[in-house]
Amino acid sequence: MRNPFIARNPAEMPTRNDLLSRSGLEFMQAVAKGELSGPPIAGVLNYTLHLVEPGRVAFRGAPRFEHTNPMGGVHGGWYGALLDSCMACAVMTMVPKGQYYTTLEYRINIARALPVGIEIEALGEVQHAGRSTGVARGEIRGLADGKLYATGSTTCLIMGSPTG
């Protein structure tokens, strides 16, 4: 699994100019190449950026013991964060230069329990990219077994720079 540079403090994060001076696809490609740091949450939740294409983004990772609930299962928030990340970043690849996005809403459905340590791929694919909204779907599958563990959908709000 590729381990890109993950920001460990605010000074290592991409700047607003890093974001707005390129298209969303160019921004995501810069993160994939390690030219810009990845988000700190990727380190906390143990996932890395694996694929960036127009309208498609995939992350790979594996839940750890720290991601379990009191019953010993992988917490639903882990599935949600991975799906939110891959789906919203897929929308980001369709955002024009000078604009950015935020998740407006997302929904997940867990199909089966994911064992701790199982390597997965979370794939997000854009279904609609308009001027003000983007819609994407996502799924989490086991890398070795191809089993479907969860699905999701999102709507993202696409915005212009508040300063220009």
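This briefing covers the sheet, the helices packed on it and the largest pocket of a predicted model. The sheet is open and has six strands in the order 1-2-4-5-6-3, with antiparallel pairing. Helix 4 packs on this sheet, and helix 2 lies across strand 1 and strand 2. The largest pocket holds about 540 Å³ of space.

**Sheet layout**

- Strand 1 and strand 3 are the edge strands; each has a single partner strand, so one side of each lacks a neighbour in the sheet.
- From one strand to the next, the twist averages 20 degrees.
- Strands of a sheet pair through backbone hydrogen bonds, in a parallel or an antiparallel arrangement.

**Strand 5 and its two partners**

- Strand 4 pairs with strand 5 in the antiparallel sense over nine bridges, and a hairpin of three residues joins the two strands.
- On this side of strand 5, Ile 140 is the bridge partner of Ala 122.
- Strand 5 (residues 133–142) and strand 6 (residues 148–160) also run antiparallel, joined by nine bridges.
- Across this second pairing, Glu 139 stands opposite Thr 151 in strand 6, and Arg 137 has Ser 153 in strand 6 as its bridge partner.
- Five residues lie between strand 5 and strand 6 in their hairpin, and Gly 146 in the turn has a positive phi of about 70 degrees.
- In a regular strand, side chains alternate between the two faces of the sheet.
- Strand 5 shows such alternation: Gly 134, Ala 136, Gly 138, Ile 140 and Gly 142 point to one face and are buried.
- Thr 133, Val 135, Arg 137, Glu 139 and Arg 141 point to the other face of strand 5 and are not buried.

**Helices against the sheet**

- Helix 4 touches strand 1, strand 2, strand 3, strand 4 (120–129), strand 5 and strand 6.
- The direction of helix 4 makes about 140 degrees with that of strand 3.
- Helix 2 runs at about 135 degrees to strand 1 where it lies across strand 1 and strand 2 (56–61).
- Helix 2 is mostly covered, with seven of its 10 residues buried.
- The buried residues of helix 2 are Gly 24, Leu 25, Phe 27, Met 28, Ala 30, Val 31 and Ala 32.
- Their cover includes helix 1 (16–20), strand 1, strand 2 and helix 4.

**After helix 2**

- Gly 34 follows helix 2 and has a positive phi, near 85 degrees.
- The loop between helix 2 and helix 3 contains Gly 34.
- Gly 34 counts as partly exposed because its relative accessibility is 38%, and the partly exposed class runs between 20% and 50%.
- Gly 34 and Ile 6 are 28 residues apart in sequence, and their C-alpha atoms are 8.9 Å apart in space.

**Largest pocket**

- The space in the largest pocket is about 540 Å³.
- The lining has 25 residues, of which Phe 27, Met 28, Pro 39, Cys 89 and Tyr 101 are the closest to the pocket centre.
- Two of these residues, Phe 27 and Met 28, are among the buried residues of helix 2.
- Helix 2 (24–33), helix 3 (40–45), strand 1 (47–53), helix 4 (76–92) and strand 3 (99–110) each supply at least two residues of the lining.
- Helix 4 gives the largest share, five residues.
- By class, the lining residues are 19 nonpolar, five polar and one charged.

Methods:
Residues are numbered from 1 along each chain as its sequence is written. This is a predicted model: local features need pLDDT of at least 70, side-chain atom pairs count only at pLDDT 80 or more; totals for chains, interfaces and linings use all residues. Side-chain values use heavy atoms; hydrogens and water are left out. On a 1 Å grid over the protein atoms alone, a cavity is a set of points where a 1.4 Å probe fits but cannot get out, and a pocket is an open set with protein on both sides within 12 Å along at least five of seven lines; lining residues have an atom within 4 Å of a point. Grid points are joined across faces, edges and corners, and a volume is the space filled by probe spheres set on the points. Helices (H or I, at least four residues) and strands (E, at least two) are DSSP runs, numbered from the N terminus. Ala, Val, Leu, Ile, Met, Phe, Trp, Tyr, Cys and Pro count as nonpolar, Asp, Glu, Lys and Arg as charged, and the others, Gly among them, as polar. Two strands pair if DSSP finds at least two bridges between them. Axes are lines fitted to C-alpha atoms, for helices over the stretch in contact, and angles run from 0 to 180 degrees between N-to-C directions. Contact means heavy atoms within 4.5 Å. Buried means under 20% relative accessible area, exposed over 50%, partly exposed in between (1.4 Å probe, protein chains only).
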